[in-house]
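I wanted to know how this chain packs inside and where its charged side chains pair up. These are my notes from going through it.

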Amino acid sequence: MTHTNQLYFGDNLRVLRDHIVDASVDLIYLDPPFNSNATYNVLFKERSGEDSAAQITAFDDTWHWTMDSERAYAEVVTEGPDKLGKLLQAMREFLGQNDMMAYLTMMAQRLAELHRVLKPTGSIYLHCDPTASHYLKLLLDAVFGPSGFQNEVTWKRTTAHNDPQRYGRISDCLLYYAKSSEKTFNREGGTYSDAQLKRYKYSDENGPYRAENLTAPHFSPTRTVEWRGVHPGANRQWRFSLSELERLYSEGRILLRRDGLPRKDGYKSYLSEAPGAVLQDVWTDIGLAPTSNERLGYPTQKPEALLERIINASSNEGDVVLDPFCGCGTAVAVAERLKRRWIGIDVTHVSISLMKHRLHDTFGSELSDYTVIGLPQDVASARALATESEHDGRYQFEYWALGLVDARPATGKKGADSGIDGYINFFDDNSGKAKRIIVQVKSGHVNRSMIATLKGDMEREDAAIGIFITLEEPTEPMQQEAIAAGFYEPDALPGNQFPKVQILTIEQLLGGDQPDYPRFAAPQTFRKAPRRRRQQGVQQALDT
């Protein structure tokens, strides 16, 4: 059975277990949501409030030691790989019951599943910052075995986290492991450092060059001989055969001494002929901040050049690339451009919407077929998502509903947005100034006063149009209140009227209805990704 590329909404642990078969993935890249550039917090504080002996300041995240953590810990210890269970017990003894331990337990579960889905020729790159890299490395050793370790790549960012009490932090870690010695690895060339370039300190009509030794250690009956009046020396030989030396001499590739004899260190090695710097495990040539046209407003977005290097090095065209924490989808977008098949997983609808926009903006009609799995497809599943959202505190129903109309979630904490859940920016003239639509989402009981509140929010925010999305059917008084708001008529489009307040049900949206507003140009709600062309060729389908 074959199917297209896949984008999953949901908990990646559940998705991996329910949907990804054994040994089906060639390359895994993951950037778990630990280093979120959010406020700082001490993850090593015991839940009782007592500070642990290993206090380390780390990024705030959403992982806390709860009953779910306890259950996950018990599962790893009793059902997971033996070495992984033993390691996790030792970590708990050392760290205690705190947020860091919850994070590591979460990662232990997922790393075991990622090892299962990886092919024998596959590799994994775990992106992390130094706060937790040493613990994660131990987990990877337990899952992949110490022999699976290939490199700890240090990636130098262009922006630092400075602290007056210690050295500034300007690097992330990439923990690179392979499932077996049969791993795919395509040697990547790096860039020359300033120090390397300075070695090419001479120049002639053929460009910069450096002087290299014409001799080498060891004795050779045919090369440890005098040539043009010069002997290579005791227990040394010429690097080249005598015929090759003559050719180089005739081409002016050998420097001469003042007396006209060849210099032993006189071989001209041109920069233009150099094979390129061999890439090492310290990467200083890729900055943290993406180029300005890559930025999508996602806080942990990584530059495409970083993922391009990883994907080129550890996979081939047609291979399957998996990102289980895909965020704004950089790994997915680069995999698409490099003619890899891909699987992306994320637990937020914000990310799913952002990735869909990014893929379509970037590739247009060249985009390969893909399916989105895990989104509600009918009113019943939408209602189930709304019920679940009330308990998890992540408001996924709201984010999903906003995605149905291409609206961006409003910033700020829930309850601080004065009823505004999202917005849409659009253009209806050539002024270059966007107009705004504000969006309200409701999954429970609705009434006329909510429409009146939306109209007040529109006036305060100077919004051209207001959209009210509801899971329940609107009442007649709600409809009348919306009609009473009248129409928005753009100055540049006289005679074109658009209802100022529009009520749309989830059932209508799933049926294909959309808000009615001017579309003089493409909506600018989401930052557009730069247009890219895929590498030439046909992308293969995923096999399961």
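The entries below cover the nonpolar cores and then the salt bridges.

**Entry 1: the cores.** A reminder to myself before anything else: this is a predicted model. I looked up the nonpolar cores, and the largest one has 56 residues. Which residues have the most contacts inside it? I got Phe397, Val439 and Ile469. Then I checked what feeds this core, and helix H8, residues 304-314, gives the most, with five residues. There is also a second core, separate from that one, with 46 residues. Leu95, Ala102, Cys173 and Ile345 are among its members. As background, nonpolar side chains in soluble globular proteins tend to be buried together.

**Entry 2: counting charge pairs.** How many salt bridges does a search of the whole structure find? My search came back with 32. I picked out a few to go through one by one.

**Entry 3: Arg71 and Asp68.** I found these two in a salt bridge, with their closest N and O atoms 2.5 Å apart. Both sit in helix H2, residues 67-79, and they are three residues apart, about one turn of the helix. Is Asp68 buried or exposed? Its relative accessibility is 53%, so I put Asp68 down as exposed, the cut-off being over 50%.

**Entry 4: Glu152 and Lys137.** Here the side chains meet in a salt bridge at 3.1 Å, N to O. Glu152 is in strand S7 (residues 149-163) and Lys137 is in helix H5 (residues 133-144), so this pair ties together parts 15 residues apart in sequence. I noted Glu152 as partly exposed, with a relative accessible area of 29%. Lys137 is partly exposed too, at 24%.

**Entry 5: Glu308 and Arg337.** Back to helix H8, which I had already met as the element that gives the most to the largest core. Glu308 lies in helix H8 and Arg337 in helix H9, residues 330-337. Their side chains meet in a salt bridge, 3.4 Å from N to O. The pair ties together parts that are 29 residues apart in sequence. What about accessibility on each side? Glu308 is partly exposed, with a relative accessible area of 27%. Arg337 is at 13% relative accessibility, so I logged Arg337 as buried, since buried means under 20%.

**Entry 6: a network.** Last thing I looked up: which residues are linked in a network of salt bridges? I wrote down Arg17, Asp22, Glu75, Glu113 and Arg116.

Note on methods:
Residues are numbered from 1 along each chain as its sequence is written. This is a predicted model: local features need pLDDT of at least 70, side-chain atom pairs count only at pLDDT 80 or more; totals for chains, interfaces and linings use all residues. Side-chain values use heavy atoms; hydrogens and water are left out. A nonpolar core is a set of buried Ala, Val, Leu, Ile, Met, Phe, Trp, Tyr and Cys residues joined through side-chain atoms within 4.5 Å. Buried means under 20% relative accessible area, exposed over 50%, partly exposed in between (1.4 Å probe, protein chains only). Helices (H or I, at least four residues) and strands (E, at least two) are DSSP runs, numbered from the N terminus. A salt bridge is a side-chain nitrogen of Lys or Arg within 4 Å of a carboxyl oxygen of Asp or Glu.
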